[in-house]
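I opened this notebook page to record what I looked up in one structure, going from the whole chain to a single side chain.

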Amino acid sequence: MPADSSPGLTGGTPARNAGRRQRSAATQQPRASVSSAVEVRRSARRSRTVSAYREGDRTIVLIPARMSEAEEQRWVGVMLDKLAAQESRRVIGDGELAERAERLSGQYLGGRARPASVRWVANQNTRWGSCTPAEGSIRLSHRLQGMPEYVLDYVLLHELAHLLVPGHGPRFWRLLDAYSRTERARGYLEGVVAADRLPYLPGAREE
């Protein structure tokens, strides 16, 4: 496979100081959310049920208005785990991957990044994604399949940004500033890389 015009996304790029923390208000009873990317909405019409869904780069958790703060925190954790488990079982095809890239470009890059193709590949074991700006092609490693959607969105957005700026200079990172989960996604991927490098210890006790 010929070398790409862009360096692609690997686990070894320098950490950036971005970390934004966002506190959101509930619709019926205003209340700060329990984490930076979670919005908790309380409703008097709910008596027992709790539900959650993704909305862009946020997670919306719907709970009964009478629920205590401790119960809220516990249920937010439960619903985040459930959503992550659902996402890990779902494999997105190339067609949906291209639609996702188009949506991300419109939401974060003003629609300026327009890839000619977006697809999964199984021969990228040292990088998460790569692109060839001259061809407008983006390729994502199959290892991303099953990872949380915010991580997939980050890698896609990273490669979309390379269609506009080939290198990793300040102008490139400014393009990613609008995506609030950049640092969280980078931390997740760095954790995966670190775990892969851990030696196997025969006889080690598993908790």
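The entries below cover the chain, one helix pair and one residue in turn.

Entry 1, the chain. I noted before anything else that I am working from a predicted model. I looked up the secondary structure and found five helices and six strands, which run from the N terminus in the order β-β-β-α-α-β-β-β-α-α-α. I then looked up burial and found that 41% of the 207 residues count as buried. The accessible surface of the chain comes to about 11,500 Å², and carbon and sulfur atoms hold 49% of that area. For contacts with a separation of 6 or more, I noted that 51% are between residues 24 or more positions apart.

Entry 2, a helix pair. I looked up how helix α3, residues 149-164, packs with helix α5, residues 182-197, and read an angle of about 100° with the axes 9 Å apart. I therefore entered α3 as roughly perpendicular to α5, since angles of 65 to 115 degrees are classed that way. On the α3 side I listed Tyr150, Val151, Tyr154 and Val155, which meet Thr182, Arg184, Ala185, Arg186, Tyr188 and Leu189 in α5. By class, I recorded seven nonpolar, one polar and two charged residues in this contact.

Entry 3, one arginine. Is Arg139 buried or exposed? I placed Arg139 in strand β6, which spans residues 137-141, and I entered Arg139 as buried because its relative accessible area is 4%, where buried means under 20%. I also looked up its side chain, which is joined to the side chain of Thr132 by a polar contact of 3.2 Å.

How values were computed:
Residues are numbered from 1 along each chain as its sequence is written. This is a predicted model: local features need pLDDT of at least 70, side-chain atom pairs count only at pLDDT 80 or more; totals for chains, interfaces and linings use all residues. Side-chain values use heavy atoms; hydrogens and water are left out. Helices (H or I, at least four residues) and strands (E, at least two) are DSSP runs, numbered from the N terminus. Buried means under 20% relative accessible area, exposed over 50%, partly exposed in between (1.4 Å probe, protein chains only). A polar contact is a pair of N or O atoms within 3.5 Å; within protein, one must be able to donate a hydrogen and the other to accept it, and residues adjacent in sequence count only if both atoms are side-chain atoms. Axes are lines fitted to C-alpha atoms, for helices over the stretch in contact, and angles run from 0 to 180 degrees between N-to-C directions. Angles under 35 degrees count as roughly parallel, over 145 as roughly antiparallel, 65 to 115 as roughly perpendicular and the rest as oblique. Contact means heavy atoms within 4.5 Å. Ala, Val, Leu, Ile, Met, Phe, Trp, Tyr, Cys and Pro count as nonpolar, Asp, Glu, Lys and Arg as charged, and the others, Gly among them, as polar. Accessible areas come from the Shrake-Rupley method with a 1.4 Å probe; for residues, only the protein chains shown count as cover.
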